[in-house]
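Me: I've got a structure up on the screen and I'd like to talk it through. Can you take my questions one at a time?

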Amino acid sequence: MLEEVLMAAAGAAAVLAVYAGAAARVVKQYERGVVFRFGRLRNDVRTPGFTMIVPLVDRLHKVNMQIVTMPVPAQEGITRDNVTVRVDAVVYFKVVDAADAVVRVEDYKFAVSQMAQTSLRSIIGKSDLDDLLSNREKLNQGLELMLDSPAMGWGVAIDRVEIKDVSLPETMKRSMARQAEADRERRARVINADAELQASKKLAEAAGVMASEPAALQLRLLQTVMAVSAEKNSTLVLPIPVELLRFLERATPTGAAGAADAVSPMPPVPQPLPPPVSPPLSEAYLKGRAAAEEAIDDLTGSSVDPAPQETET
């Protein structure tokens, strides 16, 4: 009798052990358990830890509540300004309602993936190329809103959407490179022109100061000579401005005529030579000449005309 009781107890213990093994479940910390009893959803969602179900009656579905990172395949499209681009993105989402994620959609991951691809194509057609390249934050927010609206009905919340890469044709890349180069050259020219304008204003102010104080020009010239001579050059070419010569002319009145001649670029006008002056005749010369004339008269007689007399000058 005792043996039969022991055997019955052992059998019952074995049945309980088998039942407990079939009914025992463990739900992890990042999971939630959804129980279906005879195909109907139980309202109680099993929390993390040890839980029990009815074998052959209940079925437990574990739903991952972690954030899922899903890459969106690259989508080709034409932007609003008629540029063909290829864009890929990444979606971060998580399940917020385990029961809806199991009941309302067959495969919520596949549904989110397809929705992300169609939304990405739609956002490409509504955007310009400049927005895709430089204003991605606004496009990311638009994608997130487009995905979050239907996903909330599936028990899924879109955490974040990021456009990862934008691929352009090679011809478009070369055109954009030329445009960027031209824009930088334009900015460089504008900066140079602005610098020249500011420098001209400062030089005009300096010229006004030097005009009021002529000695400032000479001091500036000496400073230039010192700066050039500090480089240990063997040859020094020093231009002398006309203002310096005028300053020296005003400073030295006696040398004004010489300075004016030095400054004057015109060559001197040749003056006409005075007429030659005959030297005065001496008294001895006149006496000798008179004696010679008398001797000639004695030899020739009256047939020879006397020579004209020259007066003493």
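Reply: Sure, here come some questions and answers on the sheet, the helices and the salt bridges, and keep in mind that this is a predicted model.

Me: In what order do the three strands of the open sheet sit?

Reply: The pairing in this sheet is antiparallel. Its edge strands are β6 (68-78) and β8 (156-167), each pairing on one side only. From one strand to the next, the twist averages 25°. So with those two at the edges, the order reads β6-β7-β8.

Me: How many bridges join β7 to β8?

Reply: Strand β7 covers residues 84-95 and runs antiparallel to β8. One of the pairings puts V87 opposite its bridge partner V166 in β8. The count of bridges joining β7 to β8 is 10.

Me: Which helix lies across β6, β7 and β8?

Reply: Two helices are worth a look here. Helix α5 (residues 136-151) packs on the sheet but touches β7 and β8, with its direction making about 140° with that of β8. The other one covers residues 108-126, runs at about 35° to β6 and lies across β6, β7 and β8. That's helix α3.

Me: Which residue meets E76 in a salt bridge?

Reply: E76 lies in strand β6 and its partner lies in strand β7, so the pair ties together parts that are 10 residues apart in sequence. E76 is partly exposed at 46% relative accessibility, and the partner is partly exposed too, with a relative accessible area of 39%. The N to O distance is 2.9 Å, and the partner is R86.

Me: Is R189 buried, partly exposed or exposed?

Reply: R189 meets E185 in a salt bridge at 3.0 Å, N to O. They're four residues apart in helix α6 (residues 170-212), which means about one helical turn separates them. E185 has a relative accessible area of 41%, making it partly exposed. R189 comes in at 58%, and because the cut-off for that class is over 50%, R189 counts as exposed.

Me: Which residues are linked with R42 in a network of salt bridges?

Reply: Side chains of opposite charge can pair when their charged atoms come close. R42 and D44 meet in a salt bridge at 3.9 Å, N to O. R42 is partly exposed with a relative accessible area of 33%, and D44 is partly exposed at 35%. The residues linked with R42 in the network are D44 and R46.

Me: And how many salt bridges turn up in the whole structure?

Reply: E76 with R86 is one salt bridge, and E185 with R189 is another. Searching the whole structure gives a total of 11.

Definitions and conventions. Residues numbered from 1 in each chain as written. Predicted model: local features only at pLDDT ≥ 70, side-chain atom pairs only at ≥ 80, totals over all residues. Heavy atoms only, no water. Pairing = 2+ DSSP bridges. Axes fitted to C-alpha atoms, helices over the stretch in contact; angles between N-to-C directions. Contact = heavy atoms within 4.5 Å. Salt bridge = Lys/Arg side-chain N within 4 Å of Asp/Glu carboxyl O. Buried < 20%, exposed > 50% of the residue type's maximum accessible area, 1.4 Å probe, protein only.
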